[in-house]
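Here is a short report on how one protein model is put together. Please keep the sequence and the structure open as you read.

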Amino acid sequence: ASPLALWDICPLFKGVGWGMIIISGLVCIYYNIILTWVIYYLVLSFAARVPWDSCDNDFNTCNCTETRIEEHLRNLTEQLMPNFTWPANPRCNSSTPLHVNYSQTSSNEFWRYSVLKQSDGIDNLGSIHWGLLLSLIGAWLLIFACLCKGVKSVGKVVYVTATSPYLFLAILMVRNCMLPGSWEGIRFYITPVWSKLANLEIWHEAALQVFFALGPAWGGLITMSSFNKFKNNCYRDAIVVPIVNCLTSIFGGFVIFAVVGFMAHKTGKEVSDVVDKGPGLVFVAYPEAIAQMPVAPLWAILFFLMLITIGLDSQFGMFETMTSSFVDEFPRYLRKYKTPFVGLMCMVEFLLGLPLITQGGIYIFTIFDWFIGTFALCIIALFELIVICYVYGIHRFRADIELMLGYKPGHYWTVMWCGVTPLALVLILISIAANFTNPVLENYKFPPGSIAFGWLIGSISIIIIPVVAVYRIYKVGKGSLLERIRYLLRPSTDWGPPKDTLYNMRMGKLDNIVTSQTQPMLPIYPGSCSVPEGSATPGTSDVIIKDPIVD
């Protein structure tokens, strides 16, 4: 089942399911660009020296300074000559001295001038980077190979992609803790700054991290969990998965900040000055630290392999959500052709990603990352909570869970679902609106047209909700507007567990199961808004779920 099938619970809000699919599809485009960069780094790591550890490459400028030279000269300037200016890159054959403030590390120049080949603005996209093009093709071929058979094929792959990151993290953790200065980075990581708890922006950043880490409102959790057995202990999964996820993130933080501490030690800076935001931490700061380690190519290969396995897991969930939703919505045309359809969607996403591997692609990437998956995710999550708790009814929802588990969730969950979480989402949305700024990439100022484009792609997943609602109201047929809306707020006849699941249950333990003669379910007739009183429901099961609110 997909996020679209879920909204049989309340057909009027099926647009929320479409919003999830749109977000997943858009994020798949630019998320695979991150995998593309990782693959590019990984391939170039298979060499005697990693290419970002020196300034003698064709792409380097005269401002390039190698970290090992930088450390040596910094010691000289501090101890002997405070006004000393650094020598220029000897490859430039220039005698002009270079002031410390204008120097760039070799890893920074590799990222900017070799990987991105960055242009001067979004209005100058330039040409396609052919190395990244091959990497992007490889990334989408990986996705297709793992998902061509749907969940059957991805189920085998995740045994590797879900477990191998822990092995890589453990190896890197041991190695990083042996580096000088690593414990300073770890101390910075675990030392709380209590005053920042009063900053609403910190809370909304934390909430967005939870959305990206755990995947609520994306649709991936709904898609993957639909392959479970009906009696699967979803209560246990809902507790274990977030705990494991958060512990993994915390462990990963130790690995990263050990290296950040090492870099602070090497450059003589404070740890807070070494920490970078966005792609810079993964593709500049960490590779720069790797370049200073013995046998640097080995650690580079392990690090980027770890990133690939982590990235593939996330990409699997989003992409399978998108493809499964279309197959479930149009089974007559697509179910027999699932593999070709997956290939077609990979091709479409690949073509849409081509602008992001041009010389101006980093600017488009920033627009995507800035506007997609922020406020839209919070709004979709808020719609989910309101519909399930207040339209469908929290009592019905708890009864559905009891049908699967044999017991209802405690009142703690009722309070969280109905009160605390919606309130928190509203506060986060207010914080996002109050603290919103235009996209930032170094000192570049994005033109108004690019910002308008960002708002457009960020709003599509929200705009689709009322559009689908209006379409559903129109398609109901006869009846007044209010009657049509009330009708679409009821669950459809397709909502609920399969008939064979109900037949096989032990009737004595389920008080909320009765025969259809006692209480017929309301079908959705194509051309009417009501069911004639006393009429039977064609095609319904002999066993249905009783409405706890009515009864």
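At what angle do helix α2 and helix α17 pack, and how far apart are their axes? Helix α2 (residues 14-45) and helix α17 (residues 361-371) pack at about 135°, and their axes are 10 Å apart. Axes are lines fitted to C-alpha atoms, for helices over the stretch in contact, and angles run from 0 to 180 degrees between N-to-C directions. The angle makes α2 oblique to α17. Angles under 35 degrees count as roughly parallel, over 145 as roughly antiparallel, 65 to 115 as roughly perpendicular and the rest as oblique.

**Basis of the model**

This is a predicted model: local features need pLDDT of at least 70, side-chain atom pairs count only at pLDDT 80 or more, and totals for chains, interfaces and linings use all residues. Residues are numbered from 1 along each chain as its sequence is written, and side-chain values use heavy atoms, with hydrogens and water left out.

The protein averages a pLDDT (the predictor's confidence in each residue, from 0 to 100) of 82. Of the residues, 82% score at least 70. Over residues 76-88 the pLDDT is below 50. This stretch still has 22 contacts in the model beyond near neighbours in sequence. A contact means heavy atoms within 4.5 Å. Residues 506-551 also have a pLDDT below 50, and this stretch has 78 contacts beyond near neighbours in sequence.

**Overall make-up**

The secondary structure comes to 22 helices and four strands. Helices (H or I, at least four residues) and strands (E, at least two) are DSSP runs, numbered from the N terminus. Of the 551 residues, 47% are buried. Buried means under 20% relative accessible area, exposed over 50%, and partly exposed in between (1.4 Å probe, protein chains only). Of the contacts with a separation of 6 or more, 79% join residues 24 or more positions apart.

**Two packings of α17**

Helix α17 packs against α2 and against helix α20 (residues 448-476). α2 passes α17 in a left-handed crossing. A crossing is left-handed if the near helix is turned anticlockwise from the far one by less than a right angle, and right-handed if clockwise. On the α2 side, L26, Y30, I33, I34 and W37 make the contact. On the α17 side, I362, F365, F368 and D369 do so. These residues divide into eight nonpolar, no polar and one charged. Ala, Val, Leu, Ile, Met, Phe, Trp, Tyr, Cys and Pro count as nonpolar, Asp, Glu, Lys and Arg as charged, and the others, Gly among them, as polar.

With α20, the angle is about 45° and the axes are 9 Å apart. α17 and α20 are therefore oblique to each other. Their crossing is right-handed. I367, F368 and F371 of α17 meet S450, I451, F453, G454, W455, I457 and G458 of α20. By class, this contact has seven nonpolar, three polar and no charged residues.

**A largely enclosed helix**

Why is helix α4 (residues 106-115) described as largely enclosed by the rest of the structure? Eight of its 10 residues are buried. They are S106, S107, E109, F110, W111, R112, S114 and V115. Their cover includes α2, β1 (64-65), β2 (104-105), α5 (130-147), α13 (279-291) and α17.

**Positive phi values**

Most residues other than glycine have a negative phi. The residues below have a positive one.

| Residue | Phi | Place |
|---|---|---|
| K117 | about 50° | just after α4 |
| A217 | near 75° | loop between α9 (200-214) and α10 (220-225) |
| E442 | about 55° | loop between α19 (411-435) and α20 |

A217 is buried, at 6% relative accessible area. E442 counts as partly exposed, at 47% relative accessibility.

**Two residues of α14**

M318 lies in helix α14 (residues 296-329). At 9% relative accessibility, M318 counts as buried. M318 touches S24, V27, C28, Y31 and W218, leaving aside residues up to four places away in sequence. The C-alpha atoms of M318 and S24 are separated by 5.0 Å, although these residues are 294 apart along the chain.

T309 also lies in α14. T309 is buried, with a relative accessible area of 10%. Leaving aside residues up to four places away in sequence, T309 touches T161, S164, P165 and F168.
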